[in-house]
Amino acid sequence: MTTTAGTTAGTGLVRPYGDTTGDGMVQVSFTLPLPHDKVAEGAAAQLAQKMGMDPALVVHAKAVGEGFTFFVVYGRVHHLVDPSTVEVVERDYPLLTPKEANAAVKEGLRRRLVVVGACIGTDAHTVGIDAICNIKGFAGEKGLEYYRELKVVNLGAQVSVPELVARAQEEAADAVLVSQVVTQRDAHLHNVRETVAAFREAWPDETRPLLVAGGPRFDETMAGELGVDRVFSRGTTPGEVASFLVHRLVTARRGATVGQAS
Ligand code: B12
């Protein structure tokens, strides 16, 4: 039984909706390596049916270059999803204002906290790392360069892993921020793994800079699998990153020292 809110009564299960609540309608888009004709449209509908859409209606088809067609298909799925089984990375540190972050670094570290950022590999998409690092910031928040107690070295685009290691060593970085936007052939995952391996080789675990990866198509639950300390994804704000760095590099470490001493 489906309630008007699109949830299945009492179970917490939900289904998507398009025209009327709980109707199961979804829209997907994809490209097939076929010239645009009726056969191609039929193939698109067949693919959507095999993906579980029934009925599946091709609502848009457009030739994109020779021998390829882009499709949008609208149709009904019958699947239910259970939000209670979804795994997410919840923020496990307090959000600090720049003033609070500066005060914590000043008191806890007694020197500026050094952050090196870069967009690595052949990736030239710097808008994301700039949104986090540059003073002008993102989403109404100032970037890390605004924080008086942070020294930010933003290396920009297409930085090689050896260059990143060398600069992190030279700057005695406390944290290194790696941005990856292009995901073709899983380049973002390969590049981050290469970075992790290089950092493990260059530093012993106890002194290795905190390694943070970010970009719109990362799955935040993948930090452990990739070997980084944290993954940030779409819509990250500079304040979240600053708060995380202060938490891991200052507050939590001080807490550990205090705890050990007592
Ligand atoms: C602008 C842009 C470009 C510009 C980049 C200019 C620049 N200086 O950055 C130019 C024109 C150069 C460009 C080129 C290309 N692009 Co482009 N580009 C885009 C576009 C339109 C916007 C990206 C962007 O700026 N987003 C805004 C920022 C603020 O968002 P963000 O990057 O997600 O960053 C946020 C978070 O992810 C996070 N974050 C990001 N990095 C980090 C790092 C850390 C440490 C942390 C904590 C957080 C964090 O914080 C940020 C703020 O919230 C996207 C499509 C789109 N709408 O997203 C395509 C897109 C990324 N580009 C794409 C492609 C394919 C290319 C090219 C290969 C095209 C070509 N054939 O030449 C080239 C590649 C060039 C190269 N060598 O990398 C594809 C990538 C597809 C894929 N599967 O990987 C996209 C998705 C477009 C598409 N739909 O096909 N591109």
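A polar contact is a pair of N or O atoms within 3.5 Å. Keep that cut-off in mind as you work through these exercises on a predicted model.

**Exercise 1. Find which backbone atoms of P216, T126 and A124 make polar contacts with the ligand.**

Solution. Start with P216: one of its polar backbone atoms is 3.1 Å from an oxygen atom of the ligand, and the cut-off is 3.5 Å, so this pair counts as a polar contact. Next, take T126, where a polar backbone atom lies 2.7 Å from a ligand oxygen. Finally, a backbone N or O atom of A124 is also found 2.7 Å from an oxygen atom of the ligand.

**Exercise 2. Describe the shell of residues around the ligand.**

Solution. Begin with the count: 28 residues surround the ligand, and the closest are A124, H125, S179, T183 and T236. Now sort the shell by type, which gives 13 nonpolar, 13 polar and 2 charged residues. Then ask which element gives the most to this shell. That is α3, with 4 residues.

**Exercise 3. Identify the protein donor of the cobalt atom and say where its residue lies.**

Solution. First look for the donor atom: NE2 of H125, at 2.2 Å, is the only protein donor of the ligand's cobalt atom. Then place the residue in the fold: H125 sits in the loop between β6 (113-119) and α3. Remember that H125 is also among the residues closest to the ligand.

**Exercise 4. Classify the ring pair of F232 and F244, and explain what the pair ties together.**

Solution. Step one is to search the whole structure, which turns up 5 aromatic pairs. One of them joins F232 and F244, with 5.8 Å from centre to centre and 75° between the planes. Planes over 60 degrees apart count as edge-to-face, so this pair is edge-to-face. Step two is to place the rings: F232 belongs to strand β10 (residues 230-232) and F244 to helix α7 (residues 238-261), so the pair ties together parts 12 residues apart in sequence.

Step three: are these two residues buried or exposed? F232 has 8% relative accessibility and counts as buried, and F244 is buried too, at 2%.

**Exercise 5. Extend the picture to the ring cluster and the charges over its rings.**

Solution. Start from the cluster: ring pairs link Y93, F232 and F244. Now look over the ring faces. R91 lies over the face of Y93, 5.9 Å from the ring centre. R230 lies over the face of F232, with 5.9 Å to the ring centre.

Technical notes
Residues numbered from 1 in each chain as written. Predicted model: local features only at pLDDT ≥ 70, side-chain atom pairs only at ≥ 80, totals over all residues. Heavy atoms only, no water. Phe/Tyr/Trp six-rings, centres within 6.5 Å; stacked < 30°, edge-to-face > 60°. Helix = DSSP H or I, 4+ residues; strand = E, 2+ residues; numbered from the N terminus. Buried < 20%, exposed > 50% of the residue type's maximum accessible area, 1.4 Å probe, protein only. Lys NZ or Arg CZ within 6 Å of the ring centre and 35° of its normal. Near = heavy atom within 4 Å. Polar contact = N/O pair within 3.5 Å; in protein donor to acceptor, adjacent residues only side chain to side chain. Nonpolar A, V, L, I, M, F, W, Y, C, P; charged D, E, K, R; others polar. Donors = N, O, S within 2.8 Å, 3.2 Å for Na, K, Ca; no water.
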